Structure formats: structure tokens, C-alpha cells
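I set out to record what can be looked up around a ligand and around one helix. The entries below are kept brief.

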Amino acid sequence: MALRTLESLGSLGGRRVLLRCDLNVPLKDGAITDDGRVRASLGTINTLVNAGARVIVVSHLGRPDGAPDAKYSLAPVAQRLSELLGAPVAFAEDTVGEAAASAVEKLTDGSVLVLENLRFNPEETSKDEAERRSFAEKLAAFADAFVSDGFGVVHRKQASVYELASLLPSAAGSLIASELEVLDRLTESPERPYAVVLGGSKVSDKLGVIEHLLPRVDTLLIGGGMVFTFLAAQGHSVGKSLLEADQLDTVRGYLDDAEKRGVRIVLPTDIVVAEKFGADAEHVVQPADAIEDSPFGASGLGLDIGPETGRAFAAEIRDAKTVFWNGPMGVFELEAFAEGTRAVAQALTEVDGLSVVGGGDSAAAVRALGFADDAFGHISTGGGASLEFLEGKRLPGLEVLGWQR
Ligand code: ADP
Ligand code: MG
């Protein structure tokens, strides 16, 4: 079955439309450090505004503990949205309370309102379906139709993603539609060679992807925090680097499976090892199989792939026709450990074929390193969501919009 698109909702003029976006932007000291997700939401918002709808935007931001927390307020995001739209955007200081209700009441045709962080309400992410449903009903009471456009959360069974969609006439926005189009190209007959680059810090989350990618790809390049579980699986000591000790057997299994399938898993040959975690930490380049031979011994910390690995990965990437990359190669937030991520990003811009960057931090990384969005084939707004798509998992937030694999 196909995804229900905006057109399926009919004329939206004068109607109240609840729009689920993913405005989960990175913040530092209250300021937005990367507004990519706000920009990515503009397409659907503008479509709704131009249609004369009364637009009520909802989103989560960060991981507050189910209670209001000023640190995670969407107020600065509403402000940024207003700047990008070049129009006023109203903001309600709660999500389903009196402030929200009265702000919805005041909406006029073609105007935009942002409600406070969905996750200030514990029901949004509750494991209890009845709780989620009751929260979704409160949201639904504000609107005549629901548009789901937060691609970054479609893999989550959460009130505003899943339950809400069955309480109102609902459809996917244009961001979700375009994300799906690209991901479809990665799963259905990608042009070969097909290389996938994995990094980042959510090691146990991402190890599972490997199993599903092995039958589909030609080359798997491993960087970031998960490298150390691979190196340890090969019998090397990794100092104080990230390590998932309970995954060693699983990883050995992947290495065997890859060999049988003729898929190349390419691991770093050198690693930037630091004395401690910090911008001014002393660091050296070490062979990947001799991390503990650094001056820092067993307390050394692998924080980036080394320059030799960066060059090798770049060459693999440039030779591919299809490349998907998720997860920074190192702690790119600190300049001393950003080189590996920079090398991989640069190579992706040189791919003669389809290059896709997926993941919140990966997207933020390429922008922080000065690459333009259009230097890549596609920058996905969803890390977990795009990985689960590639894994062939069920995505509740898409299925509830009519989509089926
Ligand atoms: P994404 O959001 O793109 O899916 P993740 O959230 O998995 O990526 O990981 C991003 C984080 O991974 C970054 O903050 C980066 O600092 C961290 N990271 C990358 N390499 C390492 C490493 N070797 N050790 C610790 N953290 C790392
Ligand atoms: Mg992340």
C-alpha cells in the first residue's frame, strides 16, 4: 500500500492542521547550532500556509524527563522558524493545556503556531498504549486533520507519531515522502558498487544494522565508536575506547559472515589515541592493532580514525556508485578529532552516483565542517529511522500512514 500524501486530505483552507515535525535541533547554551531540521520542515509548512490552513506544529526536543524543562523548550526553535518563514509564528507554553488551547483558538487562516515540547508530557513516549492514546486524543481535539512529517521519529510508536494518525484524517508531509523516495533507491537495486559507512557512538544500536546490510552491500567501512568492538573481536586491546564487551561474539559472527559472502568489511589501520576526552587532550596516531602502545598505555582513548584510514576510506567511497553514511568517524565536535569525519564527508561529495548522509549528528557534522547541503545527493533528517528502514524493519509511523513495504 502506498503512503497517503497531502493531496489525499483534500482542500485544507480554513482547516486546523496538526503537523508533527522533527524539530529536534542540537542546542548549545540555548542557541541552535544546526537548524537543518527546521529548514527541512519548511516545505510542508509553506504548502499548508499557502493552502490557507491553520497550522499547529508539534515536535519533541531532546530527552526531557516527561516534565517541563526550560533547557528543552521549543521557544528558540519557534523563533528560528519564524525567521526562516519570514512571518510571525505563535508559541504556546504548554502542549495540551490552557495555553495551547487558547493559542489554537486565536489561529487565523494561513498562520502558524508551535506548541511546547511534546516530551514534557510523559504520555507521549509511554509504553502504555492507553496513556499514549489519551494524550493523542487531547492533541487531536485541537485539529481537523493530521500531517506527519517528522521522518526522524517514524520508527517510534509514540503518541504524536502513531496513535494520533488514526484519530484524524491523516497523511504524510513532503519531507517524509522525499526521504522515502531516496531510501527506496538504496534498498531497491542500488547501483554497484554499494558502500555503507558506519560510525558514531550508538554502538549497540548500530551493530544490528550490519547483519541486515551484509547481504545487500559490497563494502562496509567501519569508523567511530564501533571500531573498538571490532578491533577487540580481533584480539587487540583498545585501552579506554568505547567497547561493547557483550557484542564481541556477534561481531566475530559478522566478520565470518562477511567473508563467506564476499563482502568487504574495512576496518581502520590507524587510530587517533588521546590521553583523555577533551579539546586540549594530548593525542597521537597509533596503528589500530597497537592502541595500548601509545604513551597513554591502557588509559588511551581512541577518538578518531587516523589519516591513513581516512585516505583509504575516501578512496573506497569515491569508487562506489552508491554510498550511505551514518555516524561520524570520530568526536568531530572537537577539532583535533574531526579529520576522519572531514575526509569521509569530502569523499562523499565526490561520488559519481548517489551519496546519502543519514543521522542527526552526521548531518550536523557535515554542516559544521563547512560542507553545503547540496554537495551530497541527500541528507536524511533521520538517523535511527533511516537505519531501521535499511534494515527492513517495520516502521509504525509510516505504516499508520498507509505505507507498506
Ligand atoms: P548520528 O546522530 O549521526 O546517528 P550518533 O548519534 O550515533 O550519530 O553518534 C554521534 C556521536 O558519535 C558524535 O557526538 C561523536 O562525538 C561520537 N563519536 C564518534 N566517534 C567516537 C569515538 N571514537 N568515541 C566516542 N564517541 C565518538
Ligand atoms: Mg545522534
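The entries that follow treat the ligand first and the helix second.

**Entry 1: the model.** I note at the outset that this is a predicted model.

**Entry 2: the shell of ligand 1.** I listed the residues around ligand 1 and found 20 of them, with Ser 201, Lys 206, Glu 333, Asp 361 and Ser 362 coming nearest. I then sorted the shell by class: eleven residues are polar, five are nonpolar and four are charged. I also asked which element supplies the largest share of the shell. Helix H11 does, with three residues. Strand E14 (301-305) and helix H11 (360-368) each contribute at least two residues to the shell.

**Entry 3: polar atoms at ligand 1.** I looked up distances to oxygen atoms of the ligand. For Ser 362, a polar side-chain atom is 2.5 Å from an oxygen atom of ligand 1. For Lys 206, the corresponding entry is a polar side-chain atom at 2.7 Å from a ligand oxygen. At Gly 360 the backbone is involved: one of its polar backbone atoms lies 3.5 Å from an oxygen atom of ligand 1. I next took the area of the ligand: ligand 1 alone exposes 580 Å², and the protein buries 89% of that.

**Entry 4: helix H12.** Is helix H12 (residues 383-390) buried or exposed? I found that seven of its eight residues are buried, so the helix is largely enclosed by the rest of the structure. The buried residues are Gly 383, Ala 385, Ser 386, Leu 387, Glu 388, Phe 389 and Leu 390. After H12 I noted Gly 392, which has a positive phi near 80 degrees.

**Entry 5: the ring of Phe 389.** I counted aromatic pairs and obtained two. One of them joins Phe 389 and Trp 403, with 5.7 Å between the centres and 35 degrees between the planes, and is classed as tilted. This pair links distant parts of the chain, since Phe 389 sits in helix H12 and Trp 403 in the segment after helix H13 (396-399), 14 residues apart. I checked both partners for exposure, and Phe 389 and Trp 403 are each buried. Which residue lies over the face of Phe 389? I found Arg 405 there, at 4.7 Å from the ring centre.

**Entry 6: recapitulation.** For Phe 389 I thus hold three items: a buried position in H12, a tilted pairing with Trp 403, and Arg 405 over the ring face. For ligand 1 I hold side-chain approaches from Lys 206 and Ser 362, with a backbone approach from Gly 360.

Technical notes. Residues numbered from 1 in each chain as written. Chains lettered and ligands numbered in written order. Predicted model: local features only at pLDDT ≥ 70, side-chain atom pairs only at ≥ 80, totals over all residues. Heavy atoms only, no water. Near = heavy atom within 4 Å. Polar contact = N/O pair within 3.5 Å; in protein donor to acceptor, adjacent residues only side chain to side chain. Areas by Shrake-Rupley, 256 points an atom, 1.4 Å probe, with all protein chains shown as cover. Helix = DSSP H or I, 4+ residues; strand = E, 2+ residues; numbered from the N terminus. Nonpolar A, V, L, I, M, F, W, Y, C, P; charged D, E, K, R; others polar. Buried < 20%, exposed > 50% of the residue type's maximum accessible area, 1.4 Å probe, protein only. Phe/Tyr/Trp six-rings, centres within 6.5 Å; stacked < 30°, edge-to-face > 60°. Lys NZ or Arg CZ within 6 Å of the ring centre and 35° of its normal.
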